[in-house]
Amino acid sequence: MQYWLMKSEPDEVSIDDVLAAPAHTVAWFGVRNYQARNFMRDAMRPGDGVLFYHSSCPQPGIAGLAEVVGTPYPDATQFDPHSKYHDPKATPEQPRWISIDVRATKKTRLLPLAELRAIPALEDMVLLQKGSRLSITPVTKGQWNTIVKLLDKDA
DNA sequence: GCCAACGTTGGC
DNA sequence: GCCAACGTTGGC
C-alpha cells in the first residue's frame, strides 16, 4: 500500500466532479510527463491512497481523499486530434500515455498549500520541494497519516 | 501577468 | 552527447 498526491485543475476536474461521477470514479487523463506516467504504470496499485490536490486555482491545496482503482490503460485523449492532450506521435498500437481510474472517497476542507508548508512533519513532502511541479508525487505513510489526522480533527 | 524551475526538442 | 532555445507548470 502506497500513497500519492495527484494534482488536478478544479476548472477541469474538481473533487466535486469526481464525487458526482458514476461510482465516484474518473479516468485520470492528460498526464504528459514521463515520470508521472511511470508512477502510474509501474508503482500505483489498486487501493493506494490519494491526496486530491487542486492546482492552478485561487486556492491551491488538498481538497479531498481518493484511492486508486484498477490497473493502467491507454489514455484515450492522446489519440483525439481535437483534444488538447492529443499526441501525434502516439498510436493505438504504440500508446505513449496512460490513464488509471481514481475513486474519490471523501471531500475534505480545503487544506491550503501555505498551511502544508507550515507543518514541520511535512517539510520533506515532494510537493513542497523547491521547483517541484510533478502532477503525481509519492507521499510517505507518515505524511499521509499527518494529513489525514489533521483533516479528521477538523471534520 | 510575472517568473522561477524544470522538461523537451533538435541542431551540431 | 551537449546544450541553447523554447515550452510548460503553477504559485503568487
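## Where the protein meets two DNA strands

Start with Lys130: an N or O atom in its side chain is 2.3 Å from a phosphate oxygen of DNA strand B. That's a polar contact, meaning a pair of N or O atoms within 3.5 Å. This is a predicted model, where local features need pLDDT of at least 70, side-chain atom pairs count only at pLDDT 80 or more, and totals for chains, interfaces and linings use all residues. Residues are numbered from 1 along each chain as its sequence is written, chains are lettered from A and ligands numbered from 1 in the order in which they are written, and side-chain values use heavy atoms, with hydrogens and water left out.

Who else sits by DNA strand B? Near it (a heavy atom within 4 Å) are Tyr34, Gln35, Lys130, Gly131 and Arg133. Sugar and phosphate make up 74% of the strand B atoms that come within 4 Å of the protein. Arg133 goes for a base, though, with a side-chain N or O atom 2.4 Å from a base oxygen of DNA strand B.

Now for DNA strand C. Around it you'll find Lys7, Tyr53, Ser55, Ser56, Pro60, Leu113 and Arg133. Of the strand C atoms within 4 Å of the protein, 75% are sugar or phosphate, and bases supply the rest.

Here are some contacts to phosphate oxygens of DNA strand C:

| Residue | Part of the residue | Distance |
|---|---|---|
| Tyr53 | side-chain N or O atom | 2.8 Å |
| Ser56 | backbone N or O atom | 2.9 Å |
| Arg133 | polar backbone atom | 2.7 Å |

So Arg133 turns up in the surroundings of strand B and of strand C, a handy residue to look for in the structure.

Conventions: Polar contact = N/O pair within 3.5 Å; in protein donor to acceptor, adjacent residues only side chain to side chain.
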